[in-house]
Structures are given as structure tokens and as C-alpha cells.
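Colleague: Could you take me through one part of this model closely? I would like to look at the aromatic rings and the charged side chains around them.

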Amino acid sequence: MPSISLIIPLYNAEKYLRPCFDSVKNQTFDDMEIICVNDGSTDSTADIVNEYVAADARFRLIEQENAGCSMARNHGLKSAVSPYVALLDQDDVLHPQAMEALDYLITKYNADIAEFTNETVPDDFVMVNPPHYDVEKIPAEFSHDAFHFWFRNPRGGSVLVWNRLYKKDAIDGIEFPKDIQPAEDTIFTLKAMFHVLNIVHTDTRLLYYRDSSTSVMNQGKTDKYVRVHAAAGQELYDYFLKSKRVQNKDDYKLLERYISRFIFKSVISQPLRRMKDKATRRQSLEKARELVLPLYEQGALKPELLGWRKSMACRLFFNGHFTLARLFV
């Protein structure tokens, strides 16, 4: 049984797939399986994967009909046989020692999660002469309380799911939500941090995140973006607060503020500031208003927790005064 299952969801990935796979193939740590979940690609993705499968027994191809990144990741998690699992996106590149360092840290500290940082690189990035690390000397911080370590900043930590190695048993039962993308990472990460016990963190940069112009986060704040984030806010509220799952009063307040801030930022503030299509902006903001009002009415969004400026922005937004609301975000 390999020590690590690395899961890579794929959809029309041909442009960046070889650099991604080469960074995986050339890891200094080789005790792993590489699960490639092809989410109904219509380009040459499957052919490229099969080249690597034929040349390296660690690569494995899983085919599924197009169902989205969340379902591809869930498929990979269910198929993983290793005690530890990691996730990687199709256009990113791993530092050659990434898996070696993570395996060392998660084993040394007997942690549920080993967390690292990444470096953002341009679309045309090619990895040349990456730094070499003595993994036994990599600086790290360990906490017995992953949830509060993640909330050491009241605004919360990174929601990225691909900058961590997870003990599989510790996240058993946690899945990516269907039909929520982007924002699926926020839901998965918050649930994971709530359920696991401990975490080890290093500021060492072990992944190169490609800032691609085609990435979901660079497509502007579309109607879909707003709709999905409203659904994510509902999911977070139902899971943590409405369900009474959180019993500790301080933790409840922490999550209450976090969820309110999440909804405000993604469904009110960002649409007001970053809607790209001026011709349909008013119509889009009316749709956002329709989505956010039910969240406010049931208590998922509490403007009073966000300070007077954001509270005023909410009040104006709820009443359709979008130009004035923008002055307060």
C-alpha cells in the first residue's frame, strides 16, 4: 500500500497537464499513487494520462461523465487506498520535495493535517532550479487544536485544499459539495478544520500556483459566482449553526461572524465592486439581492456583526440602492 494518494481532477487539461504530471513524476518521494480523475474531458486529456499510466505504474486513470471538480475530487477520495491523501489542480506544479517534506512533517508530528504555502507564478511558468530543502530542518509550527489554529486570524486561514496533506481517517465522511464551484474549497476546509484534531504548518513554499487567465477566480464576478456563493453561505449556515452542531458559545460566535463576512463579501461587496458587464449590472445586482435577502431573514447573514459601514451597505443593498451601497463596501 502506498503512503500517499495524490488526487488530480482533470477537465480539458491538455494545456498544462504535462508540466503538472512531470512535477509529480519527479518527486523525491515516490511511495504514492497518483489518481487522475478525468471529468468527461473533450480534448486529449485522457490520451496524455494514458501515456503516463503506461510509463509509470503509480499513475491511475479514472473516467467519469462530466460532473464537476467536486465530484471528481470525491471520486478520487473514495478510490484512494493510502493512509494519507493530497489534492492537486491540473495547472499547478509541485516543488520536487513537496511530498517528501509533507510525509516527514505529518509523520514526525503525528498530525491529521500537514499544511504548507504556495508561490503564485505567471501563466507561462516553467520550473527551473527550484530551491533544495533539508526536510528535517524545515521550520514548522504544530498545534493540538487545528480549528483554532486556523482561526488564529479571526477572518480565518487559507481555504485552499491543495496546500495540505490529510490523514484520510481524520477527514472520513467529509466531501466536496455538489454544484458549488467556486467556494467548494471553503466548505471542505472549514468542515475539515472543525473535525480534525491537530495540524502542522510550514511557511515553506512547496507548490507553484499558476495564475491562469482561464481560472475560475479570474473570470469576474458573474451571476453564477454570486449564485454559487449564496448556496455556499447557506451550506455553511445549515451545517454549523442551524444544525446546533457547534455547542461552544465562543466557537459559535466565531463561525457566525465568519459566515456573515463570507456572505457579505461574495454576494454583496464583490458584485458591487467587480461586476464586469456594465450593460447587465443592475439586473445582476437585483439577482444578488434576491439571493441574499433569504440569508439575512434566516440569520445566516448578520450585518450587525460586520461593523457600521458594512451594516449600512447591507441596508442600502437590501433596499436596492446599489450606487449608494457601493460607497460603504
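**Rings and charges**

Modeller: Start with Phe194, which counts as partly exposed because its relative accessibility is 22%, and buried would mean under 20%. Keep in mind that this is a predicted model. Phe147 has 5% relative accessibility, so Phe147 counts as buried.

Now put these two in context. The model holds 18 aromatic pairs. In one of them, the ring centres of Phe147 and Phe194 are 5.7 Å apart, and their planes stand at 80 degrees. Over 60 degrees counts as edge-to-face, so this pair is edge-to-face. Find Phe147 in helix 5, residues 146-150, and Phe194 in helix 6, residues 184-195. The two are 47 residues apart in sequence, so their pair ties together separate parts of the chain.

Next, look at a second pair. Phe176 and Phe188 are stacked, with 4.1 Å from centre to centre and 5 degrees between the planes. Phe188 sits in helix 6, while Phe176 is in the loop between strand 8 (164-167) and that helix. They are 12 residues apart, and the pair links distant parts of the chain. Phe176 and Phe188 are both buried.

Phe147 and Phe194 have further company. They belong to one aromatic cluster with Trp150, Phe151, Tyr239, Phe240 and Tyr258. A charge meets this cluster at Tyr239: the charged end of Arg245 sits over that ring, 3.8 Å from its centre. Phe176 has a charged partner too. Arg73 lies over its face, at 4.9 Å from the ring centre.

That brings us to the salt bridges. There are 16 of them. One joins Glu115 to Arg164, with the closest N and O atoms 2.8 Å apart. Glu115 is in strand 6, residues 113-121, and Arg164 is in strand 8. They are 49 residues apart in sequence, so this bridge also ties together separate parts. Both of its ends are buried. Now return to Arg73. Salt bridges with shared partners join Arg73, Asp89, Glu184 and Asp185 into one network. So Arg73 takes part in this network and also lies over the face of Phe176.

Finally, try a bridge within one helix. Lys25 and Asp22 form a salt bridge whose closest N and O atoms are 3.8 Å apart. They are 3 residues apart in helix 1, residues 17-25, which means that about one helical turn separates them. Lys25 counts as partly exposed at 35% relative accessibility. Asp22 counts as partly exposed at 28%.

Note on methods
Residues are numbered from 1 along each chain as its sequence is written. This is a predicted model: local features need pLDDT of at least 70, side-chain atom pairs count only at pLDDT 80 or more; totals for chains, interfaces and linings use all residues. Side-chain values use heavy atoms; hydrogens and water are left out. Rings of Phe, Tyr and Trp (its six-membered ring) pair if their centres lie within 6.5 Å; planes under 30 degrees apart count as stacked, over 60 as edge-to-face and the rest as tilted. Helices (H or I, at least four residues) and strands (E, at least two) are DSSP runs, numbered from the N terminus. Buried means under 20% relative accessible area, exposed over 50%, partly exposed in between (1.4 Å probe, protein chains only). A charge sits over a ring if NZ of Lys or CZ of Arg is within 6 Å of the ring centre and within 35 degrees of the ring normal. A salt bridge is a side-chain nitrogen of Lys or Arg within 4 Å of a carboxyl oxygen of Asp or Glu.
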